[in-house]
Amino acid sequence: MAEYSSLLSDLSENITNEDLEQLKSACKEDIPEDQSNNITSSKEWFSYLEKNDKLAQDNLSYIEHIFEISRRPDLLTRVIEYRTKVLKISEDDEIDTKLTRIPSAKKYKDIIRQPSEDEIIKLAPPPKKA
């Protein structure tokens, strides 16, 4: 539980008020407008998500999705790191669990790793001038 609290604290520190408005907008289908207007900090946002069963220490897929569509790969990467290190969900286990959004996790893992020789596109040399 301490690691989960630490994760939420870390995420909160990296969410500005502008970010919060964008995140709330991404959740508009799940958070009624009157409720959304009452949320003024990222901690309140996380608390609302927990109370409404959108977030738990072993259920992070909703915020992974929100961070993905809000274009916050930095926050998404932190959640993925927590899931793999703290919850010990290996890449093989990801296929069988609801705790992750496979497309987003795979996409950001690919950004971090270096491409193989087969994946590198080689360009032909420029034409010689006559």
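With a relative accessibility of 13%, Ser36 counts as buried, because residues under 20% relative accessible area are placed in that class. In this predicted model, Ser36 lies in helix α3, which covers residues 33–38. When residues up to four places away in sequence are left aside, Ser36 touches Lys24 and Ile31.

From this one position the view can be widened to the whole chain, which has eight helices and zero strands, so that, by the helix and strand assignment used here, the pattern read along the sequence is α-α-α-α-α-α-α-α. Buried residues, Ser36 being one of them, make up 33% of the 130 residues in the chain. Among the contacts between residues at least 6 apart in sequence, 54% join residues that are at least 24 apart.

The interior is best approached through the largest nonpolar core, which has 25 residues, and in which Leu11, Trp45, Phe46, Ile63 and Phe67 touch the most other members. At least two residues of this core are supplied by each of α1 (2–13), α2 (17–26), α4 (42–51), α5 and α6. The largest share, five residues, comes from α6.

Phe67 offers a way of following this core from the side of a single residue. Not counting residues up to four places away in sequence, Phe67 touches Leu11, Leu23, Trp45, Phe46, Arg72, Leu75, Leu76 and Val79. Of these, Leu11, Trp45 and Phe46 are named, together with Phe67 itself, among the core residues that touch the most other members, while Leu75, Leu76 and Val79 belong to α6 and take part in the contact between α5 and α6.

That contact can now be described as a pairing of two helices. The axes of α5 (residues 61–69) and α6 (residues 73–85) come within 8 Å and cross at roughly 155°. Because angles over 145 degrees count as roughly antiparallel, this crossing makes α5 roughly antiparallel to α6. As to its hand, α5 passes α6 in a left-handed crossing. On the α5 side, the residues that meet α6 are Ile63, Glu64, Phe67 and Glu68, and their counterparts in α6 are Leu75, Leu76, Val79 and Arg83. Sorted by class, the contact of α5 with α6 has five nonpolar residues, three charged residues and no polar ones. Two of the α5 residues in this contact, Ile63 and Phe67, are also among the residues that touch the most other members of the largest nonpolar core.

How values were computed
Residues numbered from 1 in each chain as written. Predicted model: local features only at pLDDT ≥ 70, side-chain atom pairs only at ≥ 80, totals over all residues. Heavy atoms only, no water. Axes fitted to C-alpha atoms, helices over the stretch in contact; angles between N-to-C directions. Helix = DSSP H or I, 4+ residues; strand = E, 2+ residues; numbered from the N terminus. Parallel < 35°, antiparallel > 145°, perpendicular 65-115°, else oblique. Left-handed = near helix turned anticlockwise from the far one by under 90°. Contact = heavy atoms within 4.5 Å. Nonpolar A, V, L, I, M, F, W, Y, C, P; charged D, E, K, R; others polar. Core = buried A, V, L, I, M, F, W, Y, C linked by side-chain atoms within 4.5 Å. Buried < 20%, exposed > 50% of the residue type's maximum accessible area, 1.4 Å probe, protein only.
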